[in-house]
Amino acid sequence: MITRQRLAAGACALFAALALGGLAPAGAYADEPDKPAPKVELVLDVSGSMRARDIDGDSRMAAAKQAFNEVLDATPEEVELGIRTLGANYRGDDRKTGCKDTEQLYPVGPLDRTDAKTAVATLQPTGWTPIGPALLKAADDLGSGDGTKRLVLISDGEDTCQPLDPCEVAREIAAKGIGLTIDTLGLVADAKTRQQLSCIADATGGTYTSVRHKDELTDRVGQLVDRAADPVVTPVAVDGTAQCADAPELKPGLYTDREKFGEHRFYRVAVEPGKELRASVSVAADRAVNRDYGVLLRAVTTHGREIVRGQEAGDGRTDVISTGLRYPKAEADDGDEAEAAAETVCLQVSHSYSAPASVKTTPGLPVELTVDVVDGPDEASDVAAFGLGRGWWFLAALVVVGFVAGVVWGWISRWRIAVWRTN
């Protein structure tokens with residue numbers, strides 16, 4: 001009887017818990033404030049130069065349409081997306097009229113993929129390149145409320161509507177404090193276009209990317225749209241030094257710096273026993289550079305001995321090159337107080353970019369450094385956990401193998417000589 005009563009009571013408690021559990025989320029959601037939806041507007045250059053057929057054998061306009069279709073399919077549901085064009089309608093030669101040629105092709109709001117694709121399909125390369133007026137209108141399209149706001153400008157040429165300098169327009173937008181970021185992409189861009197688009201992006205904390213292939217365009221636009229849905233992280237400006245001894249100490253976070261050609265920049269990170277340092281670095285070529293370059297990230301001791309490294313190389317087909325490393329610090333023994341202290345790891349960033357003679361070398365190239373310190377594995381298998389790089393262990397193994405082989409070969413030789421003498 002007692003057992004049955006307990007079972008009945010347990011069943012009632014279970015049903016009550018399930019009922020409350022089913023109702024709890026609704027109450028929780030009701031109490032949470034609604035966050036503004038992230039907003040993105042794609043601003044596309046539809047000027048006459050977009051007819052050029054130099055992107056994988058197809059026209060720049062065709063590459064842009066293909067990228068838009070794929071990005072629209074992959075746009076997160078929570079992102080409100082719009083499309084604005086510049087130079088899409090006026091075919092005449094009147095500059096004043098051509099510099100007003102910008103319109104919102106698809107309004108910023110919940111995305112209807114079919115309608116947006118249909119609107120993009122109607123575009124034909126037509127007129128001028130009024131980048132400045134288009135940026136002003138696009139800023140109005142996104143409004144001034146809270147939430148993430150991002151413009152993605154895709155153009156193959158510089159603005160043709162001076163003196164309204166699009167770089168100054170971008171600075172004015174940034175000065176309004178509405179939290180708008182402008183990212184720019186240059187389709188087979190020349191030096192002047194590259195410089196102007198880079199200036200627009202820098203003014204608002206955005207990025208510039210040079211594009212010469214369809215897949216690069218699709219991937220980059222998709223990344224920028226996805227980024228709008230991610231939490232906003234503002235990089236912290238930091239000044240690396242030429243020596244580890246006086247380098248700034250970094251906590252986990254995202255940092256930005258400038259590194260000159262042929263320069264080494266040092267930063268310090270404290271790594272406690274049982275923790276793992278994870279670091280990555282990206283160096284952007286914001287100006288014309290020579291082909292064949294690389295970026296190197298080294299973790300070294302305060303005495304300059306290398307612990308572990310990460311490196312990557314490029315050949316001129318990308319504007320950003322990245323690499324990373326991991327360094328787990330082994331857990332200290334209970335009786336070893338000296339090992340219990342945090343270890344200072346020096347991060348060295350260097351690159352092998354070089355600039356043509358006509359290109360300015362100052363300021364340095366933009367560097368973005370990510371630092372994180374997490375719980376290390378229970379049993380660190382990475383040899384860097386013992387304070388040695390992989391090369392040191394490989395060298396030690398070669399020494400041991402060589403010694404053993406020498407002893408064995410010497411014993412065999414003596415035995416053979418002894419047999420030969422006996423015979």
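A residue counts as buried under 20% relative accessible area, exposed over 50% and partly exposed in between, with a 1.4 Å probe and protein chains only. By that scale D56 is partly exposed, with a relative accessible area of 46%.

This is a predicted model, in which local features need pLDDT of at least 70 and side-chain atom pairs count only at pLDDT 80 or more, while totals for chains, interfaces and linings use all residues. Residues are numbered from 1 along each chain as its sequence is written, and side-chain values use heavy atoms, with hydrogens and water left out.

**Loops with unusual backbone angles**

Helices (H or I, at least four residues) and strands (E, at least two) are DSSP runs, numbered from the N terminus. D56 lies in the loop between β1 and α2, and its phi is positive, near 55°, in a residue other than glycine. D292 also has a positive phi without being a glycine. D292 is exposed, with a relative accessible area of 57%. A cis peptide bond joins T362 and P363.

| Site | Loop | Backbone angle |
|---|---|---|
| D56 | between β1 and α2 | phi near 55° |
| D292 | between β10 (275-284) and β11 (293-300) | phi about 65° |
| P363, bonded to T362 | between β14 (343-351) and β15 (365-375) | omega about -5° |

**Helix α7**

Helix α7 covers residues 191-203, and its end C-alpha atoms are 18 Å apart, which agrees with the 18 Å that its 13 residues should span at 1.5 Å a residue. The expected span is 1.5 Å times one less than the number of residues. At the N-terminal end, D190 caps the helix through a side-chain oxygen that lies 3.4 Å from the backbone nitrogen of K192. After α7 comes G205, with a positive phi near 75°.

The buried residues of α7 are T193, R194, Q196, L197, S198, I200 and A201. Their cover includes α5 (131-142), β4 (149-155), α6 (166-175), β5 (180-187) and β6 (208-211).

T193 has a relative accessible area of 1% and is buried. Its side chain reaches the backbone nitrogen of E158 at 3.2 Å. Contact means heavy atoms within 4.5 Å. Leaving aside neighbours within four places in sequence, T193 is in contact with D156, G157 and E158.

**Nonpolar cores**

A nonpolar core is a set of buried Ala, Val, Leu, Ile, Met, Phe, Trp, Tyr and Cys residues joined through side-chain atoms within 4.5 Å. The largest has 33 residues, and L42, L44, I154, L185, L217, V221 and V225 have the most contacts inside it. Two or more residues come from each of β1 (39-45), α2 (60-74), β2 (80-86), α4 (113-121), β4, β5 and α8 (214-229). The largest share, 7 residues, comes from α2.

Not counting residues up to four places away in sequence, I154 touches V43, L44, D45, F68, L185, L187, L217 and V221. Apart from this core lies another, of 29 residues, among them Y255, A285, V295 and L297.

**Packing of α2 and α4**

The axes of α2 and α4 come within 10 Å and cross at roughly 175°. Axes are lines fitted to C-alpha atoms, for helices over the stretch in contact, with angles from 0 to 180 degrees between N-to-C directions. α2 and α4 are therefore roughly antiparallel to each other, a label for angles over 145 degrees. In this pairing, K65, F68, N69, L72 and D73 of α2 meet R113, A116, K117, V120 and A121 of α4.

Notes: A polar contact is a pair of N or O atoms within 3.5 Å; within protein, one must be able to donate a hydrogen and the other to accept it, and residues adjacent in sequence count only if both atoms are side-chain atoms. Angles under 35 degrees count as roughly parallel, over 145 as roughly antiparallel, 65 to 115 as roughly perpendicular and the rest as oblique.
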